[in-house]
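Me: I'm new to this structure and would like a close look at one part. Pick a good pair of charged side chains and walk me outward from there, please.

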Amino acid sequence: MTEKQLNEAKKVYLNEYKRISLKIISLEEQEATIRAEIESAKNQQISDMPKGVGGKSDLSDYMVRLERIQDNIAQKKAELRLKRLEIEEKIINIQDGQQSEVIRLRYLELLGWKEIRSRLDVSERQVYILHGEALQAIEI
């Protein structure tokens, strides 16, 4: 494996945290949608409008979906905590403080290059150099 391929593999590994975070956000949005649908179904049941057959099964279907999504969110959050601990352990082993900070800000705090540059008070070019050096230094 070439150095470039190795660095790409390290980026993929480090970006797993972001991927899991985005999945949690997506699941939480689904949860909110289902909760809104449940509220809507409850409001329809409370009204004095004629009731259709199967209104209760619709509500129970929503509850099953909600429970499934909540379980999935809990699993993903546990996975996210483990991935964060793994990455933090790798960052600890990077000797240079600025390099480790670039990796932490980029892959755990999910900041963009401009925000990282601003936080570290270095040039854009220096951020990229530090990132490249940090990728070489990190053991995955």
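Reply: Let's start at Glu 79, which is partly exposed, with a relative accessible area of 32%. On that scale, buried is under 20% relative accessible area, exposed is over 50%, and partly exposed is whatever falls in between (1.4 Å probe, protein chains only). Before going on: this is a predicted model, where local features need pLDDT of at least 70 and side-chain atom pairs count only at pLDDT 80 or more, while totals for chains, interfaces and linings use all residues. Residues are numbered from 1 along each chain as its sequence is written, and side-chain values use heavy atoms, with hydrogens and water left out.

Back to Glu 79. Its side chain meets that of Lys 76 in a salt bridge, 3.3 Å from N to O. The term asks for a side-chain nitrogen of Lys or Arg within 4 Å of a carboxyl oxygen of Asp or Glu. Lys 76 has a relative accessibility of 16%, so this residue counts as buried. Both partners sit in helix H2 (residues 55-92), and with their positions 3 residues apart, they are about one helical turn apart. Helices here are DSSP runs of H or I with at least four residues, strands are E runs of at least two, and the numbering goes from the N terminus.

Now look for Lys 83 and Glu 86 in helix H2, which are again 3 residues apart, or about one helical turn. Their side chains form a salt bridge too, at 3.3 Å from N to O. Lys 83 is buried, at 13% relative accessibility, and its partner Glu 86 is partly exposed at 37%.

Next comes helix H3 (residues 97-108), home to Glu 101 and Arg 104, 3 residues or about one turn apart. Their salt bridge spans 2.7 Å from N to O. Here Arg 104 is partly exposed at 26%, and Glu 101 is partly exposed as well, at 24%. These two also belong to something wider: a network of salt bridges links Arg 84, Glu 88, Glu 101, Arg 104 and Glu 109. Across the whole structure, a search turns up 13 salt bridges.

Charges aren't the end of the tour, so on to the rings. The structure has 1 aromatic pair. That pair is Trp 113 with Tyr 128, set edge-to-face with 5.2 Å from centre to centre and 70 degrees between the planes. Trp 113 belongs to helix H4 (residues 113-120) and Tyr 128 to helix H5 (residues 124-137), so the pair ties together parts 15 residues apart in sequence. For the terms, rings of Phe, Tyr and Trp (its six-membered ring) pair when their centres lie within 6.5 Å; planes under 30 degrees apart are stacked, over 60 edge-to-face, and the rest tilted. Trp 113 is partly exposed at 23%, and Tyr 128 is partly exposed at 39%.

Trp 113 has a charged visitor as well: the charged end of Arg 106 sits over its ring, 4.0 Å from the centre. That label needs NZ of Lys or CZ of Arg within 6 Å of the ring centre and within 35 degrees of the ring normal.

Finally, step back to the full chain. The protein chain has 5 helices and 0 strands, and of its 140 residues, 29% are buried.
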